[in-house]
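Q: I would like a close look at one part of this protein, its charged side chains and the elements that carry them. Please treat the surroundings in one connected account.

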Amino acid sequence: MMGVELEQKVREFCDAWGDGSDASRPDVEKILSMMAEDAEWQLWVPGGPVVKGKAALRAEIERQMAFATNNKCNEVNILSSDRMVMQERSDTAIIMGRPCPHQMVAIYEFDGAGLISRWREYLDMADLTRKMGIDEAAAGGTEVPA
């Protein structure tokens, strides 16, 4: 696959997370359909947990849906090679009832079938958890933050 095709897949993947409206929710089936069976998602770099495999990915997306709404991925820049896409974003979400705009760089690696095999997001978790009003340790894991 060519990089431009992969960039379009990443845009479609990001759109599946929501359009920022109150009614919009992540399309979990669409998101998972774009990922390899054994895909890995590192929730944040550095230090964030790594979620591996579709069952764990589904559980993590559903965990986040319990406290995050109005998701919108906003692309700033994108670049690609034949197996990787790097995307600078300025995302918005309501997390635990608080507006949480945040900047990040997301890196997507694709397998030969054009599915996302590895995904990691570089962001300032200290900044994001401050906006959420919680401790950074509560942001990643199996619990829904209180």
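What relative accessibility does Arg 118 have, and does Arg 118 count as buried or partly exposed?

A: Arg 118 has a relative accessibility of 36% and counts as partly exposed; the classes are buried for under 20% relative accessible area, exposed for over 50%, and partly exposed in between, with a 1.4 Å probe and protein chains only. The model is predicted, so local features need pLDDT of at least 70 and side-chain atom pairs count only at pLDDT 80 or more, whereas totals for chains, interfaces and linings use all residues. Residues are numbered from 1 along each chain as its sequence is written, and side-chain values use heavy atoms, with hydrogens and water left out.

The partner of Arg 118 is Glu 109: the two form a salt bridge in which the closest N and O atoms are 3.3 Å apart. The term stands for a side-chain nitrogen of Lys or Arg within 4 Å of a carboxyl oxygen of Asp or Glu. Glu 109 counts as buried, at 18% relative accessibility, so this bridge joins a buried residue to a partly exposed one. Through shared partners, salt bridges connect Glu 109 and Arg 118 with Glu 40, Lys 52 and Arg 120 in one network. In general, side chains of opposite charge can pair when their charged atoms come close.

The structure holds 13 salt bridges. One of them is formed by Arg 11 and Glu 75, with 3.1 Å between the closest N and O atoms. This pair links distant parts of the chain, since Arg 11 belongs to helix H1 (residues 3-15) and Glu 75 to strand S4 (residues 75-80), 64 residues apart; helices (H or I, at least four residues) and strands (E, at least two) are DSSP runs numbered from the N terminus. Arg 11 is partly exposed, with a relative accessible area of 28%, and Glu 75 is partly exposed as well, at 33%.

A further salt bridge brings together the side chains of Glu 37 and Lys 54, at 3.9 Å from N to O. Glu 37 lies in strand S1 (residues 35-45) and Lys 54 in helix H3 (residues 54-65), so the bridge ties together parts that are 17 residues apart in sequence. Glu 37 counts as exposed at 59% relative accessibility, while Lys 54 is partly exposed with a relative accessible area of 22%.

Helix H1 also contains Glu 7. Glu 7 is buried yet has no salt bridge, and the nearest side chain of opposite charge, that of Arg 11, is 4.1 Å away; for this purpose Lys and Arg count as positive and Asp and Glu as negative, with His and the chain ends not counted. Leaving aside neighbours within four places in sequence, Glu 7 is in contact (heavy atoms within 4.5 Å) with Ile 78, Leu 79, Ser 80 and Val 85.

Strand S4, home of Glu 75, pairs with S5 in the antiparallel sense over five bridges; pairing requires that DSSP finds at least two bridges between two strands. Within S5, Arg 89 is the bridge partner of Glu 75. The two strands form a hairpin with three residues between them.

Leu 79 is also placed in strand S4. Leu 79 is exposed, with a relative accessible area of 52%, and touches Glu 7, Met 84, Val 85 and Met 86 when residues up to four places away in sequence are not counted. Together with Met 86, Val 105 and Tyr 122, Leu 79 forms a nonpolar surface patch with about 320 Å² of accessible area. Patch members have over 30% relative accessible area and no salt bridge, with like charges joined within 9 Å and nonpolar side chains (Val, Leu, Ile, Met, Phe, Trp, Tyr) within 5 Å; areas come from the Shrake-Rupley method with a 1.4 Å probe, and for residues only the protein chains shown count as cover. The C-alpha atoms of Leu 79 and Val 105 are separated by 11 Å, with the two residues 26 apart along the chain. Tyr 122 is in strand S8 (residues 116-123) and is partly exposed, with a relative accessible area of 35%.
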